[in-house]
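Biologist: Please put the model on screen, so that we can go through a sheet and the pockets together.

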Amino acid sequence: MAATVFYLDEIPGPGGIAILDGPEGRHAATVRRIRVGEPITLSDGAGVLAESEVVAAQKDRLELEVLDRVLAEPVAPPVTVVQALPKSDRSELAVETMTEAGADVVVPWQAARCVANWEGKARKGVDKWRAAARSAARQSRRAFIPEVTELYRTSEVLTLVRETKADNGIVVALHESGSARFVSLPLAAASRIVLIVGPEGGLDDAELTALADAGADIALLGPTVLRTSTAAAVALGALGALTSRW
């Protein structure tokens, strides 16, 4: 079984001693009950992976000898998910599933029909999403923790669409009214991909028109209607097979 991944900002080279403390150390020592002699994979969340072994353990801290250190290559094409804010009980679930499925950047979006409203409390919402992304990245043993941006309004999403198209990327707004099929789009040739997922109430007509005018493809993902909290993960799984990401 692969060693558990924990995140540490600064990782020494082979032969060095790394100190895992704070929330990560507490989780490793107290929750996971990792003991001396056990293997751990350390990562800085930005591509560094280091195989290590526990040489000392306390209740909220581990000392690890670094045995080997490598730099993982990011997958291509990179995928950004623009996620309209789900209801509170499914908000972090959406981030967790898309992180496990391989999202590289997550953009929270205050779309017109969102039940959730982050106006005045965006900082708290973004912090929760970043914590969820970090936890899910650890669970799925990722070398890269997805970036979670600040809250976007529709005007900022449209700017992202135009910038992506100008860079030979593809933007796909997932919607049941789409005339294109997701699998028929030239995804493998894209420099980068942006997936746009609407809220529980769906994208409204004005948003669909604005997104299409900015260059987004309005596409049908598959034969069933998915929840907003799971659509991105399903699309990312399809992208893994349709591009070189897998």
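What follows is a short exchange on one sheet and the largest pocket.

Modeller: This is a predicted model, in which local features need pLDDT of at least 70 and side-chain atom pairs count only at pLDDT 80 or more, while totals for chains, interfaces and linings use all residues. Residues are numbered from 1 along each chain as its sequence is written, and side-chain values use heavy atoms, with hydrogens and water left out.

Biologist: Which strands stand at the edges of the open sheet?

Modeller: Strands here are DSSP runs (E, at least two residues; helices are H or I, at least four), numbered from the N terminus, and two of them pair if DSSP finds at least two bridges between them. The open sheet has five strands with mixed pairing, in the order E1-E3-E4-E5-E2. Those with a single partner strand, so that one side of each is left without a neighbour in the sheet, are E1 (4-7) and E2 (17-20).

Biologist: Which residue in E3 stands opposite phenylalanine 6?

Modeller: E1 and E3 (residues 39-43) run parallel and are joined by four bridges. Opposite phenylalanine 6 stands a residue of E3, leucine 42.

Biologist: How many residues line the largest pocket?

Modeller: A pocket is an open set of points on a 1 Å grid over the protein atoms alone, where a 1.4 Å probe fits, with protein on both sides within 12 Å along at least five of seven lines, and lining residues have an atom within 4 Å of a point. Helix H2 (88-101), strand E12 (217-220) and helix H6 (228-242) each supply at least two lining residues. Pro199, Val225, Leu226, Arg227 and Thr228 lie nearest the centre of the largest pocket, and its lining residues number 23.
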